[in-house]
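Let's take a walk around the binding site of this model. Have the sequence and the 3D view open as you read.

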Amino acid sequence: TGLSRPQRILKAVQKNATKGNPESVIAAIDHYCRHSEWAMNVGDEKGLILDSVVTEVNPSTALELGTYCGYSTVRIARLLSPGTKLITLEFNPDYAAIARQIIAYAGLQDKVILVEGPSGDLIPKMKQQHGIKSFDFVFLDHWKDRYVPDTKLLEECGLLRKGSVLLADNVICPGTPEYLKYVRNDPRYESRYFKSNLEYTKVEDGLEKSVFLG
Ligand SMILES: O=c1[nH]cnc2c(O)cc(-c3ccc(F)cc3)cc12
Ligand SMILES: [Mg+2]
C-alpha cells in the first residue's frame, strides 16, 4: 500500500526543505499538510503560540510528550539556548523512525533526545537515565487520556518545580476535559487558555498553559 503518511511528510521535507535549516523544515511540513494531506502536527497557527511560550520560558530542560513526525520537536529545539536539551517521548516506533530523520534533516539532533516507549513507563526513569532534576517546560501532545495521569506522574516523580510550565495541545479538539478540570481547579496550578484553531483548519482548538506553583 505504498508509503505511510509520515513517510510522505519526510519525502516532502527532503524535497522542499534545506538541510540544516529548521525554518525551511517547518515551512515544508506546513505547506504539505495544508495543501496535500492533513496531519496532526501542532501546525503554524498554534505553533506561533508554542514559540512564544518556549521563548518566554527559555527552558534549560524541556520535555515533549508525543513526537509524531518531529514537527513541534523542531519548533521547540530551534529556540533552545546552546547546551540545553529537549527530551521527546514517542510510543509509536514508525513515527519515531521518521521523526529522527526529520530532526536530523533540520540539524537539531544534538539538542534532542528522542526516547521510544510509553510515557507512563519512561517518565519515572527521567532522573536516572538523563540526569534530569526537574523540567522547566513540558509540551503535552500525545494522547488525551494520558494528559492527567502523566501530569500526576511528573508531580509524584518530583520532575516539576515552582514555576515549571506545562503547555497542552488539543484541549478543545479532540478535547481533554479531564485535564482542563484538573489544572484549572487545582490551586497548585495557574492556568490560561490560548484560543486558536486545529492545525490547518478553521475548527477551534487551543493550548492550555499551566504554571506549577509548587
Ligand atoms: O492524537 C493526537 N495526538 C496529538 N495531537 C493531535 C492533534 O493535534 C490533533 C488530533 C486530531 C484532531 C482532529 C481529528 F479529527 C483527528 C485527530 C489528534 C492528535
Ligand atoms: Mg496535537
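## The metal site

A quick definition before we start: a donor here is an N, O or S atom within 2.8 Å of the metal, and water is not among the atoms, so a site may look incomplete. Keep in mind, too, that this is a predicted model.

Which residues hold the magnesium ion (ligand 2)? Asp141 and Asp169 each coordinate the ion through OD, and Asn170 does so through OD1, at 2.0 to 2.3 Å. If you look for these donors along the chain, their spacing reads D-x27-D-N. Aspartate 141 sits in the loop between strand S4 (135–140) and helix H8 (147–156), while asparagine 170 sits in the loop between strand S5 (160–168) and helix H9 (171–175), so the pair ties together parts that are 29 residues apart in sequence.

## Around ligand 1

Where does ligand 1 sit? The space that ligand 1 takes up is the largest pocket. The residues around ligand 1 include Trp38, Met40, Trp143, Leu198 and Glu199. Asp141, Asp169 and Asn170 are also among the residues around ligand 1, and these three are the residues that coordinate the magnesium ion. Sorted by character, the shell has six nonpolar residues, two polar ones and three charged ones.

Now for the polar contacts. A nitrogen atom of ligand 1 lies 2.6 Å from a polar backbone atom of histidine 142, and a nitrogen atom of ligand 1 is 2.9 Å from a side-chain N or O atom of aspartate 141. On the oxygen side, an oxygen atom of ligand 1 is 3.3 Å from an N or O atom in the side chain of aspartate 169. On its own, ligand 1 has 410 Å² of accessible area, and the protein covers 71% of that.

## Backbone oddities

Two spots in the backbone deserve a look. Cysteine 173 and proline 174 are both among the residues around ligand 1, and they are joined by a cis peptide bond with omega at about 10°. Proline 174 is part of helix H9.

The other spot is tyrosine 68, in the loop between strand S1 (61–65) and helix H4 (71–77). Its phi is near 55°, a positive value in a residue other than glycine.

Note on methods:
Residues numbered from 1 in each chain as written. Chains lettered and ligands numbered in written order. Predicted model: local features only at pLDDT ≥ 70, side-chain atom pairs only at ≥ 80, totals over all residues. Heavy atoms only, no water. Near = heavy atom within 4 Å. Polar contact = N/O pair within 3.5 Å; in protein donor to acceptor, adjacent residues only side chain to side chain. Areas by Shrake-Rupley, 256 points an atom, 1.4 Å probe, with all protein chains shown as cover. 1 Å grid on protein atoms, 1.4 Å probe; cavity = no way out; pocket = protein on both sides within 12 Å on 5 of 7 lines; lining within 4 Å. Sits in = over half its atoms within 2 Å of the grid points. Nonpolar A, V, L, I, M, F, W, Y, C, P; charged D, E, K, R; others polar. Donors = N, O, S within 2.8 Å, 3.2 Å for Na, K, Ca; no water. Helix = DSSP H or I, 4+ residues; strand = E, 2+ residues; numbered from the N terminus.
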